[in-house]
Amino acid sequence: MKRVTVKDLAKHLLLSTSTVSRALLNDKNIHWETKKKVLQAAKELGYRRNSAAASLKYGQSKNIGFVVPEMVTPFSSKVLRGIQEILYPLGYRVIITECDEDPLRERENLLLLEEFNVDGIIINLCDESKNHDVYQQLLDRGIPLVFFDRMPNDSLNVSKVLVDNFLYASAVTEHLFSKGRKRVAHIMGPPSLRNSQDRAKGYKEVMDKHGISDPALIIEAKGLGFEDGKNAVKTLMEKQIEFDAIFAFTDTLAIGAMNYLLEQGVKIPQEVSVASFSGTELSTMVYPQLSSVEPPLVQMGEEAARLMLEKIKNFDVACREILLDAELKIRSSSSF
């Protein structure tokens, strides 16, 4: 069946193609009765907008790339919700790509989005030390980038949305000390991530403040999954490193650690308190419920979308950094 075009609609309605095209674009200078007539005919004849053609004509695809390390946990999906709440009513669509914490796959996804002629890319990177050349290449070609949560190298001039990882990591560790804990272990994320480094710094500052500086209490997770959290705390126990609390880089690491502790008959929080960062619904779906720093993820997406719109309107507008407030939610995994 032949695709219905604007010319077909114009011929059917005895209108000019210009009038029909402007009516479909909701031009304020087209009378409402004409718009109604055009939209009704478009529906009856099965007209569908040719996005590719519109992209060539107006210089915009109305597509935004969304590049994230994972879509398994609710973290990225909640940020996506915020992005769509801002962009969807404006006619934008989001193309979602996931790289499974693999910089090579992230690179491929970024180049694919460039081929799709997206108007911009909102990204949560998976490794600060990788893909800087691709980020710069995209910027040099006029494709705006907005980063959220995980930040790129400081030499990259981009807009960002983040929380103060150092501040809230300090707050988590201080909370554990307020509950009488002394030997707080930290399951650290990859050192190639800025927020991993900042959370470790916040943790170390509080430990030093309380006169407890033991490098053995910091263990770097091999990944960010539940099994990685389990293996981290298993290593601590096998090395017979004494600890009475755990601060984990993410909820998934914390939950994996909790599961292993419970399997070993360790009572939470009576014997070991557990807390984490990047709180999502996962923290309330486990027993005991997990204390965690919860960034405002939907708001994070909304702000990233607004920054993207600024850049689409004027690529040369000054880049901005938006620092959001998070909230430390105290639950039964650390409070007794």
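**S21.** I began with S21 in this predicted model and found that S21 is buried, with a relative accessible area of 19%; because buried means under 20% relative accessible area, the residue falls within that class. S21 belongs to helix α2, which covers residues 17-24. I also looked up its separation from K35, and the two are 14 residues apart in sequence, while their C-alpha atoms lie 9.9 Å apart in space.

**The sheet.** Next I traced the strand order, and I noted an open sheet of six strands that runs β2-β1-β3-β4-β5-β11, with parallel pairing. The edges are formed by β2 (93-98) and β11 (321-324), each of which pairs on one side only. From one strand to the next the twist averages 15°. As a reminder to myself, strands of a sheet pair through backbone hydrogen bonds, either parallel or antiparallel.

I then went into one pair in detail, namely β4 (residues 145-148) and β5 (residues 159-163), which run parallel and are joined by three bridges. Within this pair I looked for the partner of F147, and the bridge leads to K160 in β5.

Helix α12 (residues 297-313) packs on the sheet, where I listed contacts with β1 (63-68), β3 (120-123), β4, β5 and β11. The direction of α12 makes about 165° with that of β5; since angles over 145 degrees count as roughly antiparallel, I entered α12 and β5 as roughly antiparallel.

**The α8 and α9 pair.** I turned to helix α8 (residues 165-178) and helix α9 (residues 194-209), whose axes come within 7 Å and cross at roughly 40°. I therefore recorded α8 and α9 as oblique to each other, and I noted that their crossing is right-handed. On the α8 side the residues in contact are N165, F166, A169, S170, T173, E174 and F177, and on the α9 side they are N195, D198, R199, K201, G202, Y203, E205, V206, M207 and K209. Sorted by class, this contact holds six nonpolar, five polar and six charged residues.

**Cis peptide bonds.** I checked omega at two prolines and wrote both down with their places in the chain. The bond joining I268 and P269 is cis, with omega about 10°, and P269 sits in the loop between α11 (251-263) and β9 (273-276). The bond joining Y287 and P288 is also cis, with omega about -5°, and P288 lies in the loop that runs between β9 and β10 (291-294).

**Positive phi.** My last look-up concerned residues other than glycine that have a positive phi. N117 has a phi of about 60° although it is not a glycine, and this residue is found in the loop between α6 (103-115) and β3. D149, also not a glycine, has a positive phi near 65° and lies in the loop between β4 and β5.

Are these two residues buried or exposed, or partly exposed? N117 is partly exposed, with a relative accessible area of 40%, whereas D149 counts as buried at 7% relative accessibility. The cut-offs explain the two entries, because partly exposed covers the range between under 20% for buried and over 50% for exposed.

Terms used:
Residues are numbered from 1 along each chain as its sequence is written. This is a predicted model: local features need pLDDT of at least 70, side-chain atom pairs count only at pLDDT 80 or more; totals for chains, interfaces and linings use all residues. Side-chain values use heavy atoms; hydrogens and water are left out. Two strands pair if DSSP finds at least two bridges between them. Helices (H or I, at least four residues) and strands (E, at least two) are DSSP runs, numbered from the N terminus. Axes are lines fitted to C-alpha atoms, for helices over the stretch in contact, and angles run from 0 to 180 degrees between N-to-C directions. Contact means heavy atoms within 4.5 Å. Angles under 35 degrees count as roughly parallel, over 145 as roughly antiparallel, 65 to 115 as roughly perpendicular and the rest as oblique. A crossing is left-handed if the near helix is turned anticlockwise from the far one by less than a right angle, and right-handed if clockwise. Ala, Val, Leu, Ile, Met, Phe, Trp, Tyr, Cys and Pro count as nonpolar, Asp, Glu, Lys and Arg as charged, and the others, Gly among them, as polar. Buried means under 20% relative accessible area, exposed over 50%, partly exposed in between (1.4 Å probe, protein chains only).
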